[in-house]
Amino acid sequence: MLERGSAARRRATLVAVLGVALVLAAAGAVASARWMLSLDAMRGFVERYPGAYPLPEGAPVGIPPWLAWQHFFNAFLMVLVIRTGLQARKEKRPRVFWSPRGRPKRRTSLTIWFHQALDMLWMGNGVVFVVLLFATGQWMRIVPTSWEVVPNAVSAALQYVSLDWPTENGWVNYNSLQQLAYATTVFVAAPLAVATGARLSTVWPRGDGRLNRLYPIEWARRLHVLVMLFFVVFIVTHVALVLATGALRNLNHMYAAQGSADPAAYADNWTGFWLFVLSLGVIVGACVAARPAVLVPIARLFGTTITR
């Protein structure tokens, strides 16, 4: 009992020390960024590269309704995918197993089956998103089209760290740091999640020794976890900045598909906020409902289940 209390105190002390160190590091970063931006050379740099460059001629303005829906579906599926992935890693003795029809020996836990089913829906949603992205020209908003994206991203990063945030209007154009983050998420992190997830899934041909040697499961597992951490950091940072840089206006853009070239417009409109709250309710409700009593009847539509 004493050992357990001592371990708890050590953990609490470690958390406190890390918290203080994080606050000091953040304060140091803000002070350093502010000092850099006070220099004449850096002020000239920010004037030349304000954080965003003009989009190509013909680039669409605004966020269409299909993109707002895609954004919700992606958030809904990503939360469930991350949640079930963490559950699968912690699950030592699954209570329910699932097998494809006619293949009872190829058995997996209900949690992993649900995780993979969500993965398939997420990939389908992603394919639709990418097709529509290029069909409508929306790709120009998130794919860099000029090398000016690099200095503008550096400028935007300095402005964020200094807490003197760049002026922006996501309805018209994202800043370069946002653009790089979105492009990396869609065209790098998502394909890596699919490639590593396929290696870990039940559809992988485990009997193919040569293929397994070329693509070891340990590599896929480590990279899959790193990609998951990237998505978690991206989601937390993205939501924090959306709420901190004009919550009502930003939520109207992404959830109500409402916006204007005037950055002050829709800054007091609550439509997007309430749609955002509704979406959170749907996501939380799905997480609560995702239990064996609900999942087993669904899983039986696609195979057989065994409860122990």
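## Strand 1 and its two partners

Trp-98 of strand 1 stands opposite Thr-108 in strand 2. Here strands are DSSP runs of E with at least two residues, helices are H or I runs of at least four, and both are numbered from the N terminus. This is a predicted model, where local features need pLDDT of at least 70, side-chain atom pairs count only at pLDDT 80 or more, and totals for chains, interfaces and linings use all residues. Residues are numbered from 1 along each chain as its sequence is written, and side-chain values use heavy atoms, with hydrogens and water left out.

Strand 1 has pairings on record with two strands, where pairing takes at least two DSSP bridges:

| Partner of strand 1 | Residues | Sense | Bridges | Facing residues |
|---|---|---|---|---|
| Strand 2 | 108-109 | antiparallel | two | Trp-98 and Thr-108 |
| Strand 3 | 303-307 | antiparallel | five | Ser-99 and Thr-304 |

How many of the five residues of strand 1 are buried? Five of the five in residues 96-100 are, so the strand is largely enclosed by the rest of the structure. Buried means under 20% relative accessible area with a 1.4 Å probe, counting protein chains only. Val-96, Trp-98 and Pro-100 cover one side, while Phe-97 and Ser-99 sit on the other.

Now for the whole protein. You'll find 12 helices and three strands, and the C-alpha trace spans about 70 × 60 × 45 Å along its principal axes. Of the 308 residues, 37% are buried.

How values were computed
Buried means under 20% relative accessible area, exposed over 50%, partly exposed in between (1.4 Å probe, protein chains only).
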